[in-house]
Amino acid sequence: MAQRAQDDVAVAPSIGDGVIALRLLHTPLLWVGSRSHALPPKDAALLAILALDGPSKRTKLALMLWPDAGNEGAHNNLRQRLFRLRKLAGRDVVLQGPTLALASGLTHDLGLPQRALEAGV
């Protein structure tokens with residue numbers, strides 16, 4: 001466990017107090033300023049989909065993440081996840097409406113492998 005904490009600190013982004021960043025390539029974490037928060041698998045999946053695919057329809061995401069919950073149950077689960085993420089970060093992590101999107105200014109590490117390939121690293 002101590003090693004995991006050391007790993008998390010070693011890859012902490014260089015961000016200020018008001019900045020929010022996602023680490024999704026390793027142990028999924030939400031960084032709020034200099035503090036990290038572990039992300040449950042469904043939260044990490046939701047944020048990864050939005051990071052990779054961009055804005056997505058609320059219904060599509062709800063049914064993709066909770067296919068066995070039915071339409072109403074899936075939407076309720078999604079609302080709860082979005083509420084928890086907002087509470088954890090102290091601000092919106094996901095912009096809401098019929099289409100969901102990552103909040104502006106939120107950074108993530110999912111583009112790093114592609115940028116490394118393009119740079120020939």
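Two strands count as paired where DSSP finds at least two bridges between them, and that criterion is met by β5 and strand β6 (residues 99–102), which run antiparallel and are joined by 2 bridges. The model on screen is a predicted one, and the tour starts from this pair before moving through the other strands, the core and the helices.

**The sheet around β6**

Select β5 and β6 together, and look for Val94, which stands opposite Leu102 in β6. The hairpin of these two strands has 3 residues between them, and in it Gly97 takes a positive phi near 160°. Now add β4 to the selection: β4 is joined to β6 by 2 bridges and the two strands run antiparallel, with Lys57 having Thr99 as its bridge partner in β6. Taken together, the strands form an open sheet of 3 strands in the order β4-β6-β5, with antiparallel pairing. Because β4 (56–57) and β5 (94–95) stand at the edges with a single partner strand each, one side of each is left without a neighbour in the sheet.

**The whole chain**

Before going on, colour the chain by secondary structure, where 5 helices and 7 strands should appear. Followed from the N terminus, the elements run α-β-β-β-α-β-α-α-β-β-β-α. Of the 121 residues in the protein chain, 38% count as buried. Among contacts with a separation of 6 or more, 40% are accounted for by residues 24 or more positions apart.

**β1 and its partners**

Next select β1, where Ile20 and Leu22 point one way while Ala21 and Arg23 point the other way, all of them being buried. In a regular strand the side chains alternate between the two faces of the sheet. A hairpin through 5 residues joins β1 to β2, and the two strands run antiparallel with 4 bridges between them; within this pairing, Leu22 stands opposite Leu30 in β2. Extend the selection to strand β7 (residues 107–108), which pairs with β1 in the parallel sense over 2 bridges. Here Leu22 has His108 as its bridge partner in β7.

Continue from β2 to strand β3 (residues 35–38), since these two also deserve a view: they pair in the antiparallel sense over 4 bridges. Trp31 stands opposite Ser36 in β3, and the hairpin of β2 and β3, with 2 residues between the strands, contains Gly33, whose phi is positive and near 65°.

**The nonpolar core**

Which residues have the most contacts inside the largest nonpolar core? Select Leu22, Leu30, Leu39, Leu46, Leu47 and Val93, which hold that position in a core of 28 residues. At least two residues of this core come from each of β1 (20–23), β2 (29–32), α2 (41–53), α3, α4 and β6, and α2 gives the most, with 7 residues. In soluble globular proteins, nonpolar side chains tend to be buried together.

Then centre on Leu22 and display its surroundings: leaving aside residues up to four places away in sequence, Leu22 touches Leu29, Leu30, Leu39, Leu47, Leu102, Leu106, Thr107, His108 and Asp109.

**α4 and the helices that cross it**

Hide the strands and show α2 and α4, whose axes come within 11 Å and cross at roughly 90°. With 65 to 115 degrees counted as roughly perpendicular, α2 and α4 are therefore roughly perpendicular to each other. The contact is made by Lys42, Asp43, Leu46 and Leu47 of α2 and by Leu78, Arg81, Leu82 and Leu85 of α4. By class, the residues of this contact of α2 with α4 divide into 5 nonpolar, no polar and 3 charged.

Finally, replace α2 with helix α3 (residues 58–65) while keeping helix α4 (residues 70–89) in view; the axes of these two helices come within 8 Å and cross at roughly 100°. α3 and α4 are therefore also roughly perpendicular to each other. On the α3 side, the contact is made by Arg58, Thr59, Ala62 and Leu63, and on the α4 side by Gly70, Asn71, Ala74, His75, Leu78, Arg79 and Leu82. The contact of α3 with α4 has 5 nonpolar, 4 polar and 2 charged residues. To close, keep Leu78 and Leu82 of α4 selected, as these residues belong both to the contact with α3 and to the contact with α2.

Methods. Residues are numbered from 1 along each chain as its sequence is written. This is a predicted model: local features need pLDDT of at least 70, side-chain atom pairs count only at pLDDT 80 or more; totals for chains, interfaces and linings use all residues. Side-chain values use heavy atoms; hydrogens and water are left out. Axes are lines fitted to C-alpha atoms, for helices over the stretch in contact, and angles run from 0 to 180 degrees between N-to-C directions. Angles under 35 degrees count as roughly parallel, over 145 as roughly antiparallel, 65 to 115 as roughly perpendicular and the rest as oblique. Contact means heavy atoms within 4.5 Å. Ala, Val, Leu, Ile, Met, Phe, Trp, Tyr, Cys and Pro count as nonpolar, Asp, Glu, Lys and Arg as charged, and the others, Gly among them, as polar. A nonpolar core is a set of buried Ala, Val, Leu, Ile, Met, Phe, Trp, Tyr and Cys residues joined through side-chain atoms within 4.5 Å. Buried means under 20% relative accessible area, exposed over 50%, partly exposed in between (1.4 Å probe, protein chains only).
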